[in-house]
Amino acid sequence: MELIAALAVQGAQMALVLAAAPLLTGLVRKVKARWQRRRGASVIQPYRDLRRLLGKEVVLAESASWLFRAAPYGIFAFTWVATALVPTFATGLIFSWTGDLIVIVALLGAARFLLTLAGMDIGTAFGGIGASREVMIAALAEPAMLMIIVSLALLAGSSQLGTIARVMASGALGLRVSLALALVAFVIVAIAENARIPVDNPATHLELTMVHEAMVLEYSGRHLAMIELASALKLLAMMAIIGCVFVPAGLATGGAGLAAYAVGLVAFAAKLAAGAVLLGTFETAIAKMRVFRVPNLLGGALMLGLLATLLLFVSRGL
């Protein structure tokens, strides 16, 4: 019975992230619309868009190979698994031992790799431009992410998210400058990874500014639905990582009972809502930067992550 209950809780987390991801995207869009004094679409509009795309016929170019057709399913699978490994409402679940930050980054990197290959496979100019820009951003964001992981692992003694969350929630670390630097660096990397303003504009269709949208222009129907859902899952994954690492309040532990899980769910919903409001406000208040200025932003994230790691080394006398 204990094994069945543990599997049920783990399955509930996997279903939760899948169901909540479109709602998070809709909430961000609603916040941006309200700040722009527009009524905006309903927060459940992403669900309607996904249902409509799933019901449409797939249109493929003659030059599309098997990779172009298979990539959306691989992108969705990698992103869903990575998101499901992040502690949302509870830590210590049955598969929590696989919830390593390095594994999660690798899974998201695999999804990005498939997306860039698919963007180049079709042979269009837009796909090539978007793929080259995506690779440029990834080459700068990945080192910064690794520095952040190193700093968190030094603080918690592990790179597993469950362990990091428990150490942060215990209050043993207190307030540290290195943590603040790691948080700022992670926010910058998360914005770049999710193709959000100021790095990219997910709502644009201008060829001179597109990154993510340029790679998926040739997709339609259920293929586009898989990619859109994967993008929503990735945004939720980044917010969930920030919530469980830097704001671990309310997280339950495995086997704590339904009451603790309920508190964890409420806390997780509050964190997502706060993250959506902050992201929507930030994107409304700032303009998109030029593509050639993105390396400066991500270079700053890398320096912040490196500085956080060096501060930890110095404080420990290493």
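Are F68 and Y219 buried or exposed? Here are a few notes to help you find your way around this predicted model.

1. **The F68 and Y219 pair.** To take the opening question straight away, both F68 and Y219 are buried. Their rings belong to a set of 3 aromatic pairs in the model. F68 and Y219 are stacked, with 4.1 Å from centre to centre and 0° between the planes. The pair also joins distant parts of the chain: F68 belongs to helix α3, while Y219 sits in the loop between α8 and α9, 151 residues apart.

2. **The largest pocket.** If you like empty spaces, start with the largest pocket, which holds about 1000 Å³. Its lining is made by 44 residues, and those nearest the centre are T25, R29, P202, E213 and E228. Several helices take part, each giving two or more residues: α1 (2-35), α2 (45-54), α3 (66-84), α4 (101-121), α8 (212-215) and α9 (221-246). The largest share is that of α9, with 9 residues. By character, the lining splits into 20 nonpolar, 11 polar and 13 charged residues.

3. **The second largest pocket.** Next, have a look at the second largest pocket, with about 470 Å³ of space. Here 19 residues form the lining, and V187, M239, I242, G275 and L278 are the ones nearest the centre. At least two lining residues come from each of α7 (177-193), α9 and α10 (258-285). The biggest contributor is α10, with 8 residues. This lining consists of 13 nonpolar, 4 polar and 2 charged residues.

4. **The length of α5.** Does the span of helix α5 agree with or differ from what its residue count leads us to expect? Helix α5 runs over residues 125-156, which makes 32 residues. At 1.5 Å a residue, counted over one less than the number of residues, α5 should span 46 Å. The C-alpha atoms at its two ends are 46 Å apart, so the span agrees with the expectation.

5. **The two ends of α5.** Both ends of this helix are worth a closer look. At the start of α5, T124 reaches out with a side-chain oxygen that comes within 3.2 Å of the backbone nitrogen of G127. At the other end, α5 is followed by G157, which has a positive phi, near 80°.

6. **Where to look again.** For a second visit, α9 is a good place to begin: this helix lines the largest pocket and also supplies residues to the second largest pocket. From α9 you can move on to the loop between α8 and α9, where Y219 is found.

Conventions
Residues are numbered from 1 along each chain as its sequence is written. This is a predicted model: local features need pLDDT of at least 70, side-chain atom pairs count only at pLDDT 80 or more; totals for chains, interfaces and linings use all residues. Side-chain values use heavy atoms; hydrogens and water are left out. Helices (H or I, at least four residues) and strands (E, at least two) are DSSP runs, numbered from the N terminus. A polar contact is a pair of N or O atoms within 3.5 Å; within protein, one must be able to donate a hydrogen and the other to accept it, and residues adjacent in sequence count only if both atoms are side-chain atoms. On a 1 Å grid over the protein atoms alone, a cavity is a set of points where a 1.4 Å probe fits but cannot get out, and a pocket is an open set with protein on both sides within 12 Å along at least five of seven lines; lining residues have an atom within 4 Å of a point. Grid points are joined across faces, edges and corners, and a volume is the space filled by probe spheres set on the points. Ala, Val, Leu, Ile, Met, Phe, Trp, Tyr, Cys and Pro count as nonpolar, Asp, Glu, Lys and Arg as charged, and the others, Gly among them, as polar. Rings of Phe, Tyr and Trp (its six-membered ring) pair if their centres lie within 6.5 Å; planes under 30 degrees apart count as stacked, over 60 as edge-to-face and the rest as tilted. Buried means under 20% relative accessible area, exposed over 50%, partly exposed in between (1.4 Å probe, protein chains only).
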